[in-house]
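Let's take a walk through this structure together. Have a look at it first, and then we'll go piece by piece.

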Amino acid sequence: MISALCLTLALVQATEPPHPSTGIAIERAVAEQLDLGVGDTVRLGAAPESLPHLAVVSAIYEPRPDPAEVSRRSLRVRLHLPDLAAVLGAPDRVDRFGVGLLPGVTPDSAAAVLNRSAFGFRAHPSATIASESSQTFKVVSRFHRAIAVITIVASAVFLLCIMLLKVEERRLDAAVMRFVGVRRRTIFGALVLEAALIAVLGSALGAGLAFLAGAATNAYYREFFDTELIFSLITPRIVLFSVCLSLLLGVAAGALAAWRLVRTRPMALWGRA
Amino acid sequence: MTGLGWGVKSLGRHPLRTALSLAGIAVASAMLLDMVMLSGGIEKSFSDLLLARGYQIRLTPKGTLPFDTEASIGGASHAVRTIRADSGVEAAGAVLGTSIYGRAHDSLVTLFGYGIQPEAQGIYQVTAGADLAPGDTLGVLLSETAAQLLGAAPGDTVTLVGRLDPQMADAAVGRRLAVRGEVRWIYDYRGQPSVGTVLPVMQRLGRDAAEDRASLLLVKVADGAAVEDVAARLRERFPHLEVSSVADLVVQAKRRLVYFTQLSYVLGGMSLIVAVLLVGTLLTITVNERLGEIATLRAIGVSRGTIVRQVFAEGTALTVLGAGFGIVLGLATAEYLDAILTSFPGLPASFSFFVPRADTLGLAALVLLVTGSLAGLYPAWLASRAPIAATLRAEAT
């Protein structure tokens, strides 16, 4: 049975000896903020003006990193269910039950059976709850994707512009090559190859910068939120996608600029048209 | 020809290059605009939301924010009377939020119930029908969604029940109430089925009324009284409650949404860098291409200052034109991004992340214009330092 009574617990240090059976586990952040250690006694209550219960800190635990809680910074303690119910004055009440199923029974069918006779409660398969509770992250993920699209568009335009300028810088070289009889196709190929090389080098530099930025992001936010969560994750798939995209854009931009260059008359390239 | 005219004409010589640069600056400006709107939008939107009905102070259980936990305040009516006695308070009211049920045909629908004091309420606006009168224990207000779920309109009667007992398969308490009006609950998320009754009715439906509990107390400060002074007095009077002014709550909200604020700074900064790089690169290459022309101008007596002004003008023209397109693009993308972020579960429907503010937008425009123009500094220096004789000789060969 799981209890998740989400009422605020008021907690202060006490000096009186506690009732021997009341133990409390506190998370590390609580221990640090209130300067508590194992064996210390605390007063508990459902409201700051009423703290009638005494408890002994029996454990300090590190909570599992939870992205849903990272910005809330709630301070949590754990009590045995009867102890918590006594503190809250809500005996034999819980927020939810966890139900383990026998092998072969599907969560959907079990939930349907329970819901047929449900009054005052509703049964949900864990997968449904997980999906509902991850809505926040789905929204953040959609936002990140939208920002990524805008960033890719900006980068693509920037890359196109730079490639165009880079190739146009080679007008005189192209003119000379055309004067000495080098074929248009060769010049075109050389310029596209150069664009591809620049794109690959730029991508490698970009990937390096991304790793550095990712490491800095993780270091900053882990410190900021006091958590072990990973905030920036650069996978090989992401690197491969970025390199391929920039290579594709670089080659396309180089080809466009080179095509314009080789179509221009050599004298015009030389500036004497 | 003026510097600006020369700059614009120069940009027209390479239409594809200029178009691409403008597109790049436009996208970067759009991103900058969006991020500026995001950085200030959370604060503005949340502040507007909290002040929608003019209540500047909230009292909640110690260590909590309004409706953040199920914790509640005992002896609410007495606390409200005490607050109303303060000379700096114009109005004060209690609000209880709890989960209740409504009967719709043969089934029960889950509703969010507000217990309010109609004479001092700061959480809804009547959209149809009438408001509850103080002490109206037979009336109820419905949100649009609740009205649809219950199939009720102003003038109809609905049945609300509370404290369901799974063992007895019955509700511990039920009330038949007349729908007085349809309202928009200011802090509801999209599609939230909410109903409101006077506080004692909701206390009975939701929990034990004997303790006279409320989720929060709202306080409107009288004209001429300082909000912080009243808040300080209330903190002294109610040491076991959290007394928060709108400014305090905005700080809390910003702390929770700090990720978006910081993201906006990072992406805004990157957009600015992209715009500056684009302008700088384009101008540098343009100046290099036109060194001969610049040397000729210098040879016929055009001063270095004039050349520098012309290059600056070109950079400014590029920035202004690109930013102009960027504003249109940025407003469109802000609407799209806002639609994504406001779909956060549990977020008030009237909350917005991307809010245009004249001061921040003006500052962003100024920064973009200044940095875009300054991006022409290096190319302008190159142009002014071009050796006249050597350049002309090189051009002639």
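What follows starts with chain A on its own and ends where chain A meets chain B.

Keep in mind that this is a predicted model. So how confident was the predictor about chain A? The mean pLDDT of chain A is 83, with 91% of the chain's residues at 70 or more. One stretch to treat with care is residues 1-8 of chain A, where pLDDT stays under 50. The model still gives that stretch 30 contacts beyond four places in sequence.

Now for the building blocks. Chain A has nine helices and five strands. If you trace the chain from its N terminus, the elements come in the order β-β-α-β-β-β-α-α-α-α-α-α-α-α. With a radius of gyration of 32 Å, well over the 19 Å that the globule rule gives for 273 residues, chain A is more spread out than a compact globule. You can get a feel for that from its C-alpha trace, which spans about 100 × 50 × 30 Å along the principal axes.

What about the inside of the chain? Of the 273 residues in chain A, 17% are buried. As for contacts between residues of chain A at least 6 apart in sequence, 73% of them link residues at least 24 apart.

Next, the domains. Chain A is assigned domain 1, covering 10-88, and domain 2, covering 137-270. Taken over C-alpha atoms, the centres of domain 1 and domain 2 of chain A sit 54 Å from each other. The two do touch: four residues of domain 1 of chain A are in contact with six residues of domain 2 of chain A. On the domain 1 side of that meeting point in chain A, four residues are nonpolar, with no polar and no charged ones.

Finally, let's bring in the partner chain. How many residues does each chain put into the contact between chain A and chain B? Chain B brings 38 residues and chain A brings 30. On the side of chain B that touches chain A, at least two residues each come from α2 (15-50), β6 (157-165), α8 (258-289) and α10 (304-341) of chain B. Which of the elements gives the most to that side of chain B? That's α2(B), with nine residues. Sorted by class, the side of chain B that touches chain A holds 23 nonpolar, ten polar and five charged residues.

Conventions. Residues numbered from 1 in each chain as written. Chains lettered and ligands numbered in written order. Predicted model: local features only at pLDDT ≥ 70, side-chain atom pairs only at ≥ 80, totals over all residues. Contact = placed C-beta atoms within 7 Å. Helix = DSSP H or I, 4+ residues; strand = E, 2+ residues; numbered from the N terminus. Nonpolar A, V, L, I, M, F, W, Y, C, P; charged D, E, K, R; others polar. Domains from an automatic or database assignment. pLDDT = per-residue confidence, 0-100. Rg over C-alpha atoms; globule rule 2.2 N^0.38 Å. Buried ≥ 20, exposed ≤ 12 C-beta atoms within 10 Å, placed from the backbone.
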